[in-house]
Amino acid sequence: MVNGEVSIVAMAPQALARAQQLALGLALPLLGCSADVSGMVLEVYPDRLALRNCAQPGTHALVIDPQRRRRPAPGRDLITRSLGRGCRSIIDATAGFGADAFDFARRGKKVIAIERVGVIAAMLEDAAQRFRFRCASAQFVVVVGDACEQIALQPPADVIFLDPMFPQTQRHTALARKSQQLLRVLAGDDRDAQQLVNIAREKALRRVVVKRPRHATPLAANPDSCFRGRSIRYDVYLAGVS
Ligand SMILES: C[S@@+](CC[C@H](N)C(=O)[O-])C[C@H]1O[C@@H](n2cnc3c(N)ncnc32)[C@H](O)[C@@H]1O
């Protein structure tokens, strides 16, 4: 993890107190906004956080938009089929920037989103606050920590969803979206993904759903079902079946 290489910058005088709080909480350096910044920068605005990779000049900073909808093609809503009927609560144990977790919440699910990299979790909590403000009935909780430990401490959920970092290939590196590139720089590889699947299978009330590249080996043998898209696949492991 390269969490330690991130700097924090207050982008307006009104954001200074929050920037100081984040710097203290995340144990990261706070720089003046006129400082000569390099590497990864967490920009603190009065109303949002943004993440910029100064190693890639000219690219926009990432701001999570929790309302951004992904529209699956008709008949291709693999995630609905993977979650199964009767799913009301989900632990997203590898939440990242929350694209999946906010998708679940917009579908009316109660979501606990776990993320272990402090800077990513801060971006996620910032987006969660904006989401809860816009959608008062939403039940969306961010938990900072390692899911291998945190899953056991959460209330049981119908589904535990896992989307560990995909193995890196040259093709992926060239095509990856900005958010995925930032995740990779901050989080590195998720080497404990198999252990996490086993822990999740002990705890899920109904099923564990694992998102994988379409042709990758399953993280645990013999999924009960698979839902395949063009580039990804959802492996489903039912609770009480081993
Ligand atoms: C590929 S990203 C997830 C992307 C996410 N599904 C989205 O829609 O934005 C994987 C994330 O899971 C986190 N992660 C992996 N293993 C974890 C664990 N054991 N506990 C907590 N977070 C974990 C990584 O830090 C990384 O941010």
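**Group meeting: a hairpin, a core and a ligand shell**

Okay, let's start with one pair of residues: C226 stands opposite D235 in β11. Keep in mind that we're looking at a predicted model.

So where does that pair sit? Strand β10, residues 225-228, and strand β11, residues 232-238, run antiparallel, and four bridges join them. Together β10 and β11 make a hairpin, with three residues between the two strands.

Right, on to the inside. The largest nonpolar core has 65 residues, and the members that touch the most others are A93, A113, M123, L124, I160 and A200. Which helix gives this core its largest share? That's α4, residues 118-134, which puts in nine residues. And the core draws on both domains: at least three residues come from domain 1 (3-53), and at least three from domain 2 (78-238). If you're new to this, here's the background: in soluble globular proteins, nonpolar side chains tend to be buried together.

Let's zoom in on A113 for a second. If you skip its neighbours within four places in sequence, A113 is in contact with D92, A95, G98, A101, L124, F140, V142 and V143.

Last stop, the ligand. There are 23 residues around it, and T94, G96, A99, A147 and A187 come nearest. Which elements give two or more residues to that shell? They are α3 (99-106), β6 (110-115), α5 (147-150) and α7 (178-187). As for the chemistry, the shell splits into 13 nonpolar residues, three polar ones and seven charged ones.

That's my tour, thanks!

How values were computed
Residues numbered from 1 in each chain as written. Predicted model: local features only at pLDDT ≥ 70, side-chain atom pairs only at ≥ 80, totals over all residues. Near = placed C-beta within 6 Å. Nonpolar A, V, L, I, M, F, W, Y, C, P; charged D, E, K, R; others polar. Pairing = 2+ DSSP bridges. Core = buried A, V, L, I, M, F, W, Y, C linked by C-beta atoms within 7 Å. Buried ≥ 20, exposed ≤ 12 C-beta atoms within 10 Å, placed from the backbone. Domains from an automatic or database assignment. Contact = placed C-beta atoms within 7 Å.
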